[in-house]
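Student: Could we go through this structure and check the terms used to describe it? I would like to see what each label rests on.

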Amino acid sequence: MRRLLALMTAVAVLVSASPVAAAARSGTPPLVRVRSASRSLPILAALANGFFTDEHLNVDYAQFVSSRPTFIQIDQQEIEFIVSSMDNAINYQLNPGNPAGRILDNVIVGAHDQGLGLALTGAAGHPDASSLRGKRVGVDVPHSGFGLPAEKILLEKGLTAGADYTLVAAGSTPARFQGLLDGSWEAAIINAEGVVRAREAGLPVIGRVSDLFDAYQGGVLAANREWLAAHPATAIKFIRGYVRGVSWVLDPRHRDAAIALLIDAETPPALAAKIYDLNVATDGLARCGALSPAGFRAVLELRDEFHGFEIPQDIDHLTSPEGGLYDLSYHHRAVRGCGPCR
C-alpha cells in the first residue's frame, strides 16, 4: 500500500511540475508547440484571428525540416502536435524498424488535408517516368510518408524503386522542391504550396495521387498519447481553435484575408491566391479537421501493397477505433464547442 501511495505521489509531482500544469496554476496560457512540413493555412488563420487566444493558449508554430526528428520530439514531449502525412504516423506506431528505430507513442487526433495536390514532379528536363531510369527521386523518408505514393505512381508507369531508380531522403516538402531546382534529384513527391511553386516554375507533373485514389488521407494531426491523457483540456482547446481555423479558411467570404496570410517576400499575391485555391480544392483541407474513412483505408492498403508492415496487420482492425492508430475523442469534444463546420 505504501508503495502504491509513493507511486501516486511521484506521478502527482511529475504532473504538477509540467509546463501546462504550472501555467494552469499561474493563469498563464499553456504553451502548445506545433510543427508542420509546409505552412498550414488553418493554423495561420487561427493565430491571426485569435482563435487560440480565445482558448487561452499560447501557440508556438513553425515548420520542420524532416519528419523523423519531429516525431521523436513528439514522443519525448518536446513539442505537442505535428502536422505530417498519415502514413508517417502509422509507420512510427507499428513498425519497430521505422526511421526512429523504435515504436513511438504518438496517435492521430484529427485530419489536416486530403493530399493538398500531392504529385510526383520532375526536375527540368525530366518530363515523364521514362526519364527517371537510373535517376534519383526525393522523398521525406524512403518507404514511408509520401514516399509510398511516389512508388505507386512510378510502379503504375513500369518503374520499381531500387531497380529502376533510387529513393533519396530529402526532408520536408520545401526542401524537396528546392532540390528539384538545385539538381539534387531528378523528381520529387511534393504537395501544398511546393507543388504550386513547381508549376509556376514550369516543372512537369509526372503523376498525381488524386488520379490513383478516389480518396486519400494526406496530412493529419498527431500527438503523444501520454501528453494527451495528462492534458485533455489543453488538447481539446487546441483542436477547437484549429478547427475554427479550417472553417474560416474554407469560408469564401474570407478568401482575400486568407490569401493575405500567405503573402510574403517569396510569395506575391498572384501566387498566394493559387496556394489558397489548392487549400480549398477537392483534395485540399479536411473539412472540420475530420478523418476520411475511405482515405484512411487507402493509405493503409497502399502500405500493405508495398509490404510496409514488419508484422502482418489486419486492415479492417486498423481502420477501427480498436486498432489504436487514432483517438478522435478529443476532436469529438472539440467540435461540439465550435459551432457548425464548413
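Tutor: Start with one residue pair: Val107 has Ala223 in E10 as its bridge partner. This comes from a predicted model.

Student: What makes strand E4 and strand E10 a pair?

Tutor: Two strands count as paired when DSSP finds at least two bridges between them. E4 and E10, residues 219-224, have five bridges, and they run in the antiparallel sense.

Student: Why is strand E4 called largely enclosed?

Tutor: A residue is buried when its relative accessible area is under 20%. In E4, residues 106-111, six of the six residues are buried, so the rest of the structure largely encloses this strand.

Student: Why is helix H9 described as largely enclosed too?

Tutor: Seven of the nine residues in H9, residues 192-200, are buried, so the description holds there as well. The buried residues are Ala192, Glu193, Gly194, Val195, Val196, Arg197 and Ala198.

Student: What do the buried residues of H9 pack against?

Tutor: They pack against strands E5 (119-122) and E8 (187-190), and against helices H8 (173-182) and H13 (269-279). Just after H9 comes Gly202, with a positive phi of about 80 degrees.

Student: How do you know that H7 is mostly covered?

Tutor: By count: eight of the ten residues of H7, residues 147-156, are buried. They are Gly147, Leu148, Pro149, Ala150, Glu151, Lys152, Ile153 and Leu154. Gly158 follows H7 and has a positive phi, near 90 degrees.

Student: What is the strand order in the open sheet of five strands?

Tutor: The order is E7-E6-E8-E5-E9, and the pairing is mixed.

Student: Why are E7 and E9 said to stand at the edges?

Tutor: E7 (166-169) and E9 (205-208) each have a single partner strand, so one side of each has no neighbour in the sheet. On average, neighbouring strands in this sheet are turned by 25 degrees against each other, direction ignored.

Student: How many bridges join E5 to E9?

Tutor: Three bridges join them, and the two strands run antiparallel. With at least two bridges required, E5 and E9 count as paired. Leu120 stands opposite Gly207 in E9.

Student: Which strands does H8 touch where it packs on the sheet?

Tutor: H8 touches E5, E6 (136-139) and E8, and its direction makes about 155 degrees with that of E8. Angles over 145 degrees count as roughly antiparallel, so H8 is roughly antiparallel to E8.

Student: Why is H5 called oblique to H6?

Tutor: The axes of H5 (residues 67-75) and H6 (residues 86-94) come within 11 Å and cross at roughly 60 degrees. Roughly parallel needs an angle under 35 degrees, and roughly perpendicular starts at 65. The crossing angle therefore makes H5 oblique to H6. The crossing is right-handed.

Student: Which residues meet where H5 and H6 are in contact?

Tutor: Ser67, Arg68 and Phe71 of H5 meet Asn88, Ala89 and Tyr92 of H6. By class, three residues of this contact are nonpolar, two polar and one charged.

Student: What makes H6 oblique to H14?

Tutor: H6 and H14 (residues 293-305) pack at about 55 degrees, with axes 10 Å apart. That angle makes H6 oblique to H14. This crossing is right-handed. H6 contributes Met86, Asp87, Ile90 and Asn91, and H14 contributes Phe296, Val299, Leu300 and Arg303. The contact has five nonpolar, one polar and two charged residues.

Definitions and conventions. Residues numbered from 1 in each chain as written. Predicted model: local features only at pLDDT ≥ 70, side-chain atom pairs only at ≥ 80, totals over all residues. Heavy atoms only, no water. Axes fitted to C-alpha atoms, helices over the stretch in contact; angles between N-to-C directions. Helix = DSSP H or I, 4+ residues; strand = E, 2+ residues; numbered from the N terminus. Parallel < 35°, antiparallel > 145°, perpendicular 65-115°, else oblique. Left-handed = near helix turned anticlockwise from the far one by under 90°. Contact = heavy atoms within 4.5 Å. Nonpolar A, V, L, I, M, F, W, Y, C, P; charged D, E, K, R; others polar. Buried < 20%, exposed > 50% of the residue type's maximum accessible area, 1.4 Å probe, protein only.
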